[in-house]
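Reader: I should like to learn how strand pairing and aromatic pairs are read from a model. Could we work through a case together?

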Amino acid sequence: MKKILLTTLFLLFANSIFSQTSFYPESFGSKVFYENGYTYKAEKLGGGMIKVYNSDNRWIGITPVNKKTGIYPGEGSPKLFDSENWKTQNELLHSILEESYTDEEKRIIKETWSCTNCTINLFINTETGKVDDVRFSFYEESYYKYIPVSKFREIELKIKDRMQFKITDFGKELNYIYYWDDYHFK
């Protein structure tokens, strides 16, 4: 009897440990999170990709174009950023990501999940060099589905506060610059 009781208690305990629920949509579509002073949207797309971003955005869903011609500049256009500044800002982005997650979260992401990356999309204002919008993209099989929007909001605010790119003359001709980084924890 003792054995059955202990086994039952162990199974209930194990179930509570491993039964985390994803915060994000389980099927195709979107979900809106009304938080304290901000609203986030999560969209589940084909292939199991989930995109999470602040609903109060300026550029998400708009194609980057030349302000004068309205034409998309295409891939392989001239440099958009000062090279040294870009390197510094890229390192700063990685630093923000490293400091925003606990050591335990980083360990779980690195060691226990097959999809360990979260893509960070930055939508950069060409007049100021500041980041206007931030979007996070990850696969539904990743641990990121257990990260609450409050963590993504915290990272968004740090990025907007601390990052500033030096834009080249060509970059200043665009309505905004789209930049992404696919970061893996060290």
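Author: The discussion below takes up a strand and then the aromatic rings. The model is predicted.

Reader: Is strand E3 enclosed or open to its surroundings, and what shows this?

Author: Burial is judged by relative accessible area, with under 20% counted as buried. In strand E3 (residues 49–54), 6 of the 6 residues are buried, so the strand is largely enclosed by the rest of the structure. Met-49, Lys-51 and Tyr-53 cover one side, and Ile-50, Val-52 and Asn-54 the other; all are buried.

Reader: Which strands pair with E3?

Author: Strand E2 (residues 39–44) pairs with E3 in the antiparallel sense over 5 bridges, and strand E5 (residues 131–139) also pairs with E3 in the antiparallel sense over 5 bridges. Lys-51 stands opposite Glu-43, and its bridge partner in E5 is Ser-137. E2 and E3 form a hairpin with 4 residues between them, where Gly-47 in the turn has a positive phi of about 75°.

Reader: How is an aromatic pair described?

Author: One gives the distance of the ring centres and the angle of the planes. The structure holds 19 aromatic pairs. Among them, Phe-23 and Tyr-24 are edge-to-face, at 6.1 Å centre to centre and 65° between the planes. Phe-23 is partly exposed at 33% relative accessible area, whereas Tyr-24 is buried at 2%.

Reader: What does the pair of Trp-86 and Tyr-179 tie together?

Author: The ring centres of Trp-86 and Tyr-179 are 6.3 Å apart and the planes lie at 90°, so this pair is edge-to-face. Trp-86 belongs to helix H2 (residues 83–100) and Tyr-179 to strand E6 (residues 176–183), so the pair ties together parts 93 residues apart in sequence.

How values were computed:
Residues numbered from 1 in each chain as written. Predicted model: local features only at pLDDT ≥ 70, side-chain atom pairs only at ≥ 80, totals over all residues. Heavy atoms only, no water. Buried < 20%, exposed > 50% of the residue type's maximum accessible area, 1.4 Å probe, protein only. Helix = DSSP H or I, 4+ residues; strand = E, 2+ residues; numbered from the N terminus. Pairing = 2+ DSSP bridges. Phe/Tyr/Trp six-rings, centres within 6.5 Å; stacked < 30°, edge-to-face > 60°.
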